Amino acid sequence: MHAPHWSERSFVKPNTLANEEVHVWRFPLDFDPPMGMALLSQAEKQRLASIKRPLPARRYLSARFHLRSILASYLNTDPAGLEFFTASNGKPHLNNHPLQFNLSHSQNLALLAIRSRYPVGVDVEKIRTLKYAAKIAKRMFSENAEKPPSAASQQLLFFQRWTAMEARQKAMGRGIFDAPVAIDAIRCQHFLASDGFVAAVATDSIHAAPAFRFFNCRREAYDAA
């Protein structure tokens with residue numbers, strides 16, 4: 001599977017996105033972002049307060065901090081001033097701007113996919129043993145799919161299929177139990193997000209295939225934020 005090159009990039013300085021590009025940002029969740037609370041909306045603060053366990057709360061705060069900081073770097077605006085709304089299909093959007101984005105996280109790793117105006121979805125999963133993987137696969141995936149010979153290969157294939165399915169559904173604003181998005185309506189880019197993590201980014205097949213660029217959040221960005 002493709003292991004992309006991750007360039008170091010800061011969200012403190014302005015970023016630009018060409019129409020034919022998709023940018024994928026990778027960032028950690030297990031830390032307390034500086035000034036993170038100051039960026040949150042009242043609804044986000046209420047959501048954070050409702051999370052009682054420290055680790056999930058820290059990860060939620062980090063996810064919102066990065067989401068706001070990175071998106072604001074493309075819009076040349078204050079991260080705290082960004083306003084979001086949820087469409088009727090449940091997909092989040094920015095108020096008054098066509099920039100498209102999608103966020104996914106698994107354990108301590110998060111990915112944020114950004115596209116200028118067309119649909120995009122992303123999913124990342126830690127490769128791990130699932131007790132009911134065979135039953136889940138039978139329900140969610142094609143029964144005609146070839147089964148790999150080894151247990152490790154089966155595990156990897158399961159999460160390849162799962163991330164592709166989730167990314168397709170998320171790109172079109174559908175849940176995993178909603179009507180499945182036609183495979184030929186969506187392109188999926190599979191890649192290894194980190195050691196032990198598999199991911200997929202989905203884009204619509206109506207428009208030209210985008211070029212993908214992969215970024216790590218530059219460490220000094222946290223000091224400057």
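**View 1. Strand β9 is largely enclosed by the rest of the structure, because eight of its eight residues are buried.** The strand covers residues 197-204 of a predicted model. F197, A199, V201 and T203 point one way from β9, while V198, A200, A202 and D204 point the other way. Residues of both sets are buried. In a regular strand, side chains alternate between the two faces of the sheet.

**View 2. β7, β9 and β8 form an open sheet of three strands in the order β7-β9-β8.** The pairing in this sheet is antiparallel. β7 and β8 are the edge strands, each pairing on one side only. On average, neighbouring strands of the sheet are turned by 20 degrees against each other, with direction ignored. Strands of a sheet pair through backbone hydrogen bonds, in either the parallel or the antiparallel sense.

**View 3. Strand β7 runs antiparallel to β9.** β7 comprises residues 120-126 and is joined to β9 by seven bridges. D123 of the model stands opposite A200 in β9, and V124 stands opposite A199 in β9. Both partners in β9 are buried, with A199 pointing one way from the strand and A200 the other. Six of the seven residues of β7 are buried, so this strand too is largely enclosed by the rest of the structure.

**View 4. Strand β8 pairs with β9 in the antiparallel sense.** β8 spans residues 186-194, and eight bridges link β8 and β9. R187 stands opposite T203 in β9. The bridge partner of L192 in β9 is V198. T203 and V198 are both buried and point opposite ways from β9.

**View 5. β8 and β9 form a hairpin with two residues between the strands.** In this hairpin, G196 takes a positive phi near 85 degrees. β9 begins at residue 197, and β8 ends at residue 194.

**View 6. The chain as a whole gives the setting for the close-ups, with six helices and 10 strands.** Of its 225 residues, 44% are buried. Among contacts with a separation of 6 or more, 63% are between residues 24 or more positions apart. The accessible surface of the chain comes to about 11,800 Å², and 52% of this area belongs to carbon and sulfur atoms.

Methods:
Residues are numbered from 1 along each chain as its sequence is written. This is a predicted model: local features need pLDDT of at least 70, side-chain atom pairs count only at pLDDT 80 or more; totals for chains, interfaces and linings use all residues. Side-chain values use heavy atoms; hydrogens and water are left out. Helices (H or I, at least four residues) and strands (E, at least two) are DSSP runs, numbered from the N terminus. Buried means under 20% relative accessible area, exposed over 50%, partly exposed in between (1.4 Å probe, protein chains only). Contact means heavy atoms within 4.5 Å. Accessible areas come from the Shrake-Rupley method with a 1.4 Å probe; for residues, only the protein chains shown count as cover. Two strands pair if DSSP finds at least two bridges between them. Axes are lines fitted to C-alpha atoms, for helices over the stretch in contact, and angles run from 0 to 180 degrees between N-to-C directions.
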